[in-house]
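Reader: Hi! I am just starting to read protein structures, and I would love a close look at one part of this one. Could you take me through it slowly?

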Amino acid sequence: MNLHRLYGWAPSKERCIDAVPTRRGKNRSVLGALSLSGLVAVSHQLGSVKRVDFEAFLREELLPRLAAGSVLVLDNARSHHGGEVAALVEAA
């Protein structure tokens with residue numbers, strides 16, 4: 001909904017007018033994991049992802065599907081730090 005242009009072009013001496021949606025929908029979060037061969041696991045939920053949600057994704061969706069010797073790369077998101085995340089990954 002926020003992906004609209006702030007500026008536009010119009011004929012000379014005319015104002016540029018375009019309709020823009022004003023209502024935002026509910027937030028939806030998507031967790032996904034890719035490998036060289038394609039999509040490994042995906043999960044989605046309404047609202048933001050908390051650490052317990054990410055840990056559940058690791059435990060139930062991603063880690064059981066990873067091959068032995070796989071390398072897991074995480075970004076610096078807050079849900080990737082602390083809790084059981086490191087222990088779950090190291091145990092797998």
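Which residue forms a salt bridge with Glu61, and how far apart are the closest N and O atoms?

Author: Happy to help! Keep in mind that this is a predicted model, and that the distances and areas here are computed from it. The partner you are looking for is Arg65: Glu61 and Arg65 form a salt bridge in which the closest N and O atoms lie 3.4 Å from each other. That fits the cut-off, because a salt bridge needs a side-chain nitrogen of Lys or Arg within 4 Å of a carboxyl oxygen of Asp or Glu.

Now look at how open each partner is to its surroundings. Glu61 has a relative accessible area of 25%, so Glu61 is partly exposed. Arg65 has a relative accessibility of 49% and therefore also counts as partly exposed. The reason is that partly exposed covers the range between buried, under 20%, and exposed, over 50%.

The structure holds two salt bridges, so let us visit the other pair as well. Glu84 pairs with Arg59, and their closest N and O atoms are 3.3 Å apart. This pair links distant parts of the chain, with the two positions 25 residues apart in numbering: Arg59 sits in helix α1, while Glu84 belongs to the loop between α1 (51-62) and α2 (85-91). Glu84 is partly exposed, at a relative accessible area of 43%, and Arg59 is partly exposed too, at 39%.

How values were computed. Residues are numbered from 1 along each chain as its sequence is written. This is a predicted model: local features need pLDDT of at least 70, side-chain atom pairs count only at pLDDT 80 or more; totals for chains, interfaces and linings use all residues. Side-chain values use heavy atoms; hydrogens and water are left out. Helices (H or I, at least four residues) and strands (E, at least two) are DSSP runs, numbered from the N terminus. Buried means under 20% relative accessible area, exposed over 50%, partly exposed in between (1.4 Å probe, protein chains only).
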